[in-house]
Amino acid sequence: MGLLDRFRRSAPGGRGPEASDARYLADWVRTHTGVEAYVEPKTTVTDVTVVLVAADGEWTRRVVGERGARQLAGRLRIPVYDVRRTGYPQRMRDFDARRRIERRRAVENDLRDHR
């Protein structure tokens, strides 16, 4: 076993996500509307990942292995895209921008309240 093997979250052989991740993703799809899957390529740090993006731009990411993303999307009956070809949807970037603004305002309000 290699040094990092114990920290990898995908199933051996790239068969798909671990059961807990698969359950989490299924629950996430069930509780959000308009969800699409975006498959991210393997990197030197992580195996293949999938980003689920809801209609409002909220998103989540999990390691799923080589075949896992497409199998998972098929089981959940959601569209799946290769992020290298399509890029990330604008609504995801907009969601992140809104969150940054909300966090900044919360910090500013907190500082103002403590003066």
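**A four-stranded sheet and its two cores**

In the hairpin that links β2 and β3, five residues lie between the strands, and one residue, G57, adopts a positive phi near 95°. This hairpin belongs to a predicted model, and it offers a convenient way into the fold. The two strands of the hairpin run antiparallel and are joined by five bridges. Within this pairing, V51 faces R61 of β3.

Stepping back to the whole chain, the secondary structure consists of four helices and four strands. Their succession along the sequence reads α-β-β-β-α-β-α-α. Of the 115 residues, 37% count as buried. The accessible surface amounts to about 7,900 Å², and carbon and sulfur atoms account for 51% of this surface. Among contacts between residues at least 6 apart in sequence, 59% bring together residues at least 24 apart.

The four strands assemble into an open sheet with the order β3-β2-β1-β4 and mixed pairing. The edges are taken by β3 (59–63) and β4 (80–82); each has a single partner strand, so one side of each lacks a neighbour in the sheet. From one strand to the next, the twist averages 25°. Strands of a sheet pair through backbone hydrogen bonds, in either a parallel or an antiparallel sense, and both arrangements can be followed here from β1. On one side, β1 and β2 pair in the antiparallel sense over five bridges, with L52 of β2 as the bridge partner of A37. On the other, β1 (residues 36–40) pairs with β4 in the parallel sense over three bridges. Here V39 stands opposite D82 of β4.

Strand β2 deserves a closer look. How many of the five residues of β2 are buried? Five of the five are, so the strand is largely enclosed by the rest of the structure. In a regular strand the side chains alternate between the two faces of the sheet. In β2, T49, V51 and V53 point one way, while V50 and L52 point the other way, and all are buried.

Residues from β2 also appear in the nonpolar cores. The largest core has 16 residues, of which L25, V35, A37, V50, L52, V64 and I78 touch the most other members. Contributions of at least two residues each come from α1, β1, β2 and α2 (68–76). The most is given by α1, which supplies four residues. Leaving aside residues up to four places away in sequence, L25 touches V50, L52, T60, R62, V64, L72 and L76. A second, separate core comprises five residues, including Y38, V51, V53 and V83. The residues of β2 named in these cores can be matched to the directions described above: V50 and L52, which point one way from the strand, are among the members of the largest core, whereas V51 and V53, which point the other way, are in the second core.

Helix α1 (residues 19–30) lies across β2 (49–53) and β3, and runs at about 160° to β3. A useful place to examine this packing is T60, a residue of strand β3. Is T60 buried or exposed? With a relative accessible area of 6%, T60 is buried, because this value falls under the 20% cut-off. The side chains of T60 and Y24 are joined by a polar contact of 2.8 Å. Beyond residues up to four places away in sequence, T60 touches Y24, L25, W28, V50, V51 and L52.

A contrasting setting is provided by R77, which is located in the loop between α2 and β4. Most residues other than glycine have a negative phi. R77, although not a glycine, has a positive phi of about 55°. R77 is exposed, with a relative accessible area of 78%, whereas T60 is buried at 6%.

Conventions. Residues are numbered from 1 along each chain as its sequence is written. This is a predicted model: local features need pLDDT of at least 70, side-chain atom pairs count only at pLDDT 80 or more; totals for chains, interfaces and linings use all residues. Side-chain values use heavy atoms; hydrogens and water are left out. Two strands pair if DSSP finds at least two bridges between them. Axes are lines fitted to C-alpha atoms, for helices over the stretch in contact, and angles run from 0 to 180 degrees between N-to-C directions. Contact means heavy atoms within 4.5 Å. Buried means under 20% relative accessible area, exposed over 50%, partly exposed in between (1.4 Å probe, protein chains only). A polar contact is a pair of N or O atoms within 3.5 Å; within protein, one must be able to donate a hydrogen and the other to accept it, and residues adjacent in sequence count only if both atoms are side-chain atoms. A nonpolar core is a set of buried Ala, Val, Leu, Ile, Met, Phe, Trp, Tyr and Cys residues joined through side-chain atoms within 4.5 Å. Accessible areas come from the Shrake-Rupley method with a 1.4 Å probe; for residues, only the protein chains shown count as cover.
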